[in-house]
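This text is a guided reading of one protein structure. It begins with a group of aromatic side chains and works outward to the chain as a whole.

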Amino acid sequence: MLNNECRAISAEEIETFQADGVVMLPQLFNADWLQLLRDGLAENRQHPTSRARTWYRDEEGRTMFWDSQAWQGVPQYQRFVYDSPAAAIAGQLLRAKTINFFFDAVFVRAPGTPFSTPWHQD
């Protein structure tokens, strides 16, 4: 069973989000949640959706991978969406009582993959 506890979000972090529309929240999810997402990413890479794209692949095997709405078929992503503290965190930042999950996107850029290369879609 995964632990839903995470560090508290400060009033300053909430105010930064309210003012800027973005805030960095380091070390918010514990190692168990991060491992669940890593496992989900491995599953997603092995079984991508029909929307997935590999935009770049070089001779050394480096790639740029993208997928969306994968949470619907990746059990680890589903568990994160439904069971993690992510919705509560969003509620705090947005000062909202209800949060609706709308969309996911997965971007994976292998280390050393240059951004300046032409895009090649598989």
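Phe29, Trp33 and Phe80 form one aromatic cluster. The coordinates come from a predicted model, and the values below are computed from it.

A pair of aromatic rings is described by the distance of the centres and the angle of the planes. Within the cluster, the ring centres of Phe29 and Phe80 are 5.2 Å apart. Their planes stand at 50°, and an angle that is neither under 30 nor over 60 degrees counts as tilted, so this pair is a tilted one. Where do the two partners sit? Phe29 belongs to the loop between helix H1 (11-20) and helix H2 (31-46), while Phe80 belongs to helix H3 (residues 75-83), so the pair ties together parts that are 51 residues apart in sequence. The two also have their own burial classes. Phe29 has a relative accessible area of 24% and is partly exposed. For Phe80 the relative accessible area is 14%, under the 20% limit, so Phe80 is buried.

A further aromatic pair is made by Trp71 and Tyr82, with 6.1 Å from centre to centre and 70° between the planes, which is an edge-to-face arrangement. Trp71 lies in the loop between strand S2 (63-68) and H3, and Tyr82 lies in helix H3, so this pair links parts that are eleven residues apart in sequence. Is each partner buried or exposed? Trp71, with a relative accessible area of 16%, is buried. Tyr82 reaches 60% relative accessibility and therefore counts as exposed. In total the model has four aromatic pairs.

One aromatic ring has a charged side chain over it. Arg45 lies over the face of Phe65, at 4.7 Å from the ring centre.

Several of the aromatic residues already named return in the largest pocket. This pocket holds about 330 Å³ of space. Its lining consists of Leu37, Trp71, Tyr77, Phe80, Val81, Tyr82, Ala86, Ala87, Ile99, Asn100, Phe101 and Asp104. Which elements give two or more residues to this lining? They are H3 and helix H4 (86-94). H3 supplies the largest share, with four residues. Sorted by class, the lining has ten nonpolar residues, one polar residue and one charged residue.

Helix H3 also holds Gln76. At 19% relative accessibility, Gln76 falls under the 20% limit and so counts as buried. What does Gln76 touch, leaving aside residues up to four places away in sequence? The answer is Leu36, Asp39, Gly40 and Glu43.

The view can now widen to the whole protein chain. The chain contains four helices and three strands. Read along the sequence, these elements follow the pattern α-α-β-β-α-α-β. Along its principal axes, the C-alpha trace spans about 50 × 35 × 25 Å. The chain has 122 residues, and 32% of them count as buried. Among contacts with a separation of 6 or more, 66% join residues 24 or more positions apart. The pair of Phe29 and Phe80, whose parts are 51 residues apart in sequence, illustrates how positions separated along the chain are brought together.

Key. Residues numbered from 1 in each chain as written. Predicted model: local features only at pLDDT ≥ 70, side-chain atom pairs only at ≥ 80, totals over all residues. Heavy atoms only, no water. Phe/Tyr/Trp six-rings, centres within 6.5 Å; stacked < 30°, edge-to-face > 60°. Buried < 20%, exposed > 50% of the residue type's maximum accessible area, 1.4 Å probe, protein only. Lys NZ or Arg CZ within 6 Å of the ring centre and 35° of its normal. 1 Å grid on protein atoms, 1.4 Å probe; cavity = no way out; pocket = protein on both sides within 12 Å on 5 of 7 lines; lining within 4 Å. Points joined across faces, edges and corners; volume = space filled by probe spheres on them. Nonpolar A, V, L, I, M, F, W, Y, C, P; charged D, E, K, R; others polar. Contact = heavy atoms within 4.5 Å.
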